[in-house]
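Please look through the structure shown here, and then follow the report below, which moves from a single residue to pairs of rings and on to the surface.

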Amino acid sequence: MMVNETGKLVQHGLRTEYFSTAWMVFEFSVGLYSGLKAGSILLIAFGLDSCLEIISGSALIWRLRKAAKGAPAAEIERAERQSSLIVGTVLLLLALYVTGVAITNLVLHQAADSSLSGIGIAIASVILMPLLALRKRTLGKQLHSPALMEDGMCNVTCAYMAATVLIGATLTAWVGWWWSDSVAALVLVYFIASEGWEAFQVGCGRAA
């Protein structure tokens with residue numbers, strides 16, 4: 001691959017990550033605010049996961065900027081390893097938190113209020129996240145960057161989480177099933193824990 005072509009792909013990757021991270025900031029703000037206002041552990045978890053993806057996206061921006069400046073491969077590898085370990089650990093802790101709160105809500109019969117803003121951000125994410133994932137996967141293959149492809153998989157997970165949020169929030173708002181938010185949150189734990197364990201293994205594997 002020619003140097004100029006590689007440079008252009010890196011710039012495309014940076015623009016994609018800038019947009020993705022900016023969206024995650026918006027998603028985090030709306031998700032967390034909606035969750036706290038409605039008392040929805042499902043939306044709170046969705047917002048917190050978006051915060052973690054901001055960290056992941058920022059690490060990728062740092063990595064791509066280093067690549068654009070011709071930084072040594074070892075330095076880029078070290079940044080990716082540290083980011084993976086941090087994000088993986090926090091995601092696993094988040095999964096434990098969501099599980100505990102969801103079970104407590106089920107035992108105490110605590111219901112979340114409806115949240116139109118939560119439903120709206122979930123719909124937008126279900127549409128946008130697969131597109132971002134496809135873009136990152138394509139650029140990751142062209143740049144031979146597993147980290148960029150892994151970040152695209154985070155967007156896929158985010159789409160699954162958004163769909164779960166949408167189902168839970170819709171049932172709470174329109175059907176009035178008090179338990180739907182907590183049950184959907186427990187489903188969400190699978191995606192959070194899977195993403196966290198994968199990131200943790202990647203970080204540990206690179207550290208070995």
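## A buried serine

In this predicted model, Ser-125 has a relative accessible area of 0% and is therefore buried, since residues count as buried when that value is under 20%. Ser-125 belongs to helix α4, which covers residues 116-143. When the neighbours within four places in sequence are left aside, the residues in contact with Ser-125 are Trp-23, Glu-27, Phe-46, Pro-130 and Ala-162.

## Aromatic pairs

A pair of aromatic rings is described by two values, namely the distance of the centres and the angle of the planes. The whole structure, when searched, gives 4 aromatic pairs, and the table sets out two of them, both of which are stacked.

| Pair | Centre to centre | Between the planes |
|---|---|---|
| Tyr-160 and Phe-191 | 5.3 Å | 5° |
| Trp-197 and Phe-200 | 5.9 Å | 15° |

Why does the pair of Tyr-160 and Phe-191 tie together parts that are apart in sequence? Tyr-160 lies in helix α5, whereas Phe-191 lies in helix α6, so their pairing joins parts that are 31 residues apart along the chain. The two partners also fall into separate classes of accessibility, because Tyr-160, at 49% relative accessibility, counts as partly exposed, while Phe-191, at 17%, counts as buried. Ring pairs also bring in Tyr-190, so that Tyr-160, Tyr-190 and Phe-191 are linked into a cluster.

The pair of Trp-197 and Phe-200 is placed within one helix: both residues lie in helix α6, 3 residues apart, which is about one turn of the helix. Trp-197 counts as partly exposed at 44% relative accessibility, and Phe-200 is likewise partly exposed, with a relative accessible area of 26%.

## A nonpolar patch on the surface

Which residues make the nonpolar surface patch? Trp-174, Val-175, Trp-177, Trp-179, Val-183 and Val-187 together form this patch, which has an area of about 620 Å². The elements that give two or more residues to the patch are α5, running over 146-175, and α6, running over 180-207.

Is Trp-174, one of the residues of this patch, buried or exposed? Trp-174, whose place is in helix α5, has a relative accessible area of 69% and is therefore exposed, since the class of exposed residues begins over 50%.

Conventions: Residues are numbered from 1 along each chain as its sequence is written. This is a predicted model: local features need pLDDT of at least 70, side-chain atom pairs count only at pLDDT 80 or more; totals for chains, interfaces and linings use all residues. Side-chain values use heavy atoms; hydrogens and water are left out. Patches are made of residues with over 30% relative accessible area and no salt bridge: like charges are joined within 9 Å, nonpolar side chains (Val, Leu, Ile, Met, Phe, Trp, Tyr) within 5 Å. Accessible areas come from the Shrake-Rupley method with a 1.4 Å probe; for residues, only the protein chains shown count as cover. A salt bridge is a side-chain nitrogen of Lys or Arg within 4 Å of a carboxyl oxygen of Asp or Glu. Helices (H or I, at least four residues) and strands (E, at least two) are DSSP runs, numbered from the N terminus. Buried means under 20% relative accessible area, exposed over 50%, partly exposed in between (1.4 Å probe, protein chains only). Rings of Phe, Tyr and Trp (its six-membered ring) pair if their centres lie within 6.5 Å; planes under 30 degrees apart count as stacked, over 60 as edge-to-face and the rest as tilted. Contact means heavy atoms within 4.5 Å.
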